[in-house]
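Visitor: Hello! Could you walk me through this model, a question at a time?

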Amino acid sequence: MTEHNTKLTSAEIACTWTGYMNDSMSKCVLGYFLKHIEDKEIKSIVQMAYDFSAIHVEKLRALFQKEKIPLPIGFTDEHDVNRDAGRLYTDTFILTYVNHMAKVGMLAFSGFLSMSARKDIRLYFKEGLQEASNLYDDSSDVALSKGLFIRAPYIAYPTEPDTVDSKNYFSGFSLFSKERPLNAMEISYLYMNIQTNIIGSKLALSFAQTSQREKIQNWMLRGTEISEKHVQIFAQALLGNHIQPPVPHDIAISDLTTPVFSDRLAMFQMALLSAAGTGNYATAAAASQRSDLVVNYERLSLEIGQYAKDGADIMIHHKWLEQPPGTKDKEHLAKKKE
């Protein structure tokens, strides 16, 4: 990174700290995938993702050292993953996971870039955004070549521009008439949120299956139930318009019960997916114009929020929740001095 004397802003500290946590987790997960994956094409994609995460961790470690900022605890191969535990995920699931996390990465890096001022930090996030974009592009190509990419549904091309001619366009609730057909934006977000919930449900199930702690098993199983319920709600909206919901290919997990990842890493991964899901729902609600869809996204976001809060409580209980950098409590310091 370019030499600079300007100190990092609070936003830049937050973004680089979050980036280190995310990439140190990804490095552990992807390293485990590499140990067990069989398909050579998919393995090349996973290797690309692993290399990106490994490089990011080293760059951020050097940045923190230079800025004299304590290195986050993060996640390590030594404490958070057992690569020799056996095979837990199919190659198809691994490809689906990497493709999904590339999309999460594109959103994260674009947000981090927009909050950064220092040239070297902007360059780092700009490169990260490009890498995430390349990873999504290449993983999509492999999924398409293997017939694994789940496309959004096709609709008839419009024949001419049109305008909304009635306030009923925004209504999803009517005792006297059927809801209007879904528009292209609404279909797209329903489809996307079904896919992300399917990934989340499988991942939570795998963590429940391999955890040795009953409380965490129950929390993970609850996550699976929530995701499956949301899938059904979104699928019903599509079926009401004679649109077939996405049917995932073989993204199953094995019957392995030996712990693969630390419970701390598993909880962090689910917290990350929950945050991404809440963001997806907020974006979908803003883009949807039928009121019943907006209400669904809002109420389901609350359910995810409560689930994430309960997960955070578990992490706090076990002292697993790493605290982000923050300002000092000035009143507390003043009283302590007195």
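Visitor: Which backbone nitrogen does the side chain of N241 reach?

Guide: Happy to start there, with a reminder that this is a predicted model, where local features need pLDDT of at least 70, side-chain atom pairs count only at pLDDT 80 or more, and totals for chains, interfaces and linings use all residues. Residues are numbered from 1 along each chain as its sequence is written, and side-chain values use heavy atoms, with hydrogens and water left out. A polar contact is a pair of N or O atoms within 3.5 Å; within protein, one must be able to donate a hydrogen and the other to accept it, and residues adjacent in sequence count only if both atoms are side-chain atoms. At 2.9 Å, the backbone nitrogen that the N241 side chain reaches is that of L182.

Visitor: Is N241 buried or exposed?

Guide: N241 sits in the loop between α7 (214-239) and α8 (263-287); helices here are DSSP runs (H or I, at least four residues), numbered from the N terminus. Buried means under 20% relative accessible area, exposed over 50%, and partly exposed in between (1.4 Å probe, protein chains only). N241 has 18% relative accessibility, so the verdict is buried.

Visitor: Which residues does N241 touch?

Guide: Contact means heavy atoms within 4.5 Å. Leaving out residues up to four places away in sequence, N241 touches R180, P181, L182 and R290.

Visitor: How far apart are the end C-alpha atoms of helix α9?

Guide: The expected span of a helix is 1.5 Å times one less than its number of residues. Helix α9 (residues 291-317) has 27 residues, so it should span 39 Å, and this agrees with its end C-alpha atoms being apart by 40 Å.

Visitor: What covers the buried residues of α9?

Guide: Those buried residues include L293, Y297, L300 and I304. By contrast, E298, also in α9, counts as partly exposed because its relative accessibility is 48%. The cover over the buried residues of α9 includes α6 (184-210), α7 and α8.

Visitor: And what covers the buried residues of α5?

Guide: Helix α5 (residues 119-145) also has a buried set, including I121, Y124, F125 and L135. Among the elements that cover the buried residues of α5 are α1 (10-36), α2 (40-67) and α4 (91-114).

Visitor: Where is confidence lowest?

Guide: pLDDT is the predictor's confidence in each residue, from 0 to 100. The protein averages 92, and 92% of the residues score at least 70. Confidence is highest in α2, at 98, and lowest, at a mean of 62, in helix α10 (residues 330-337).

Notes: Helices (H or I, at least four residues) and strands (E, at least two) are DSSP runs, numbered from the N terminus.
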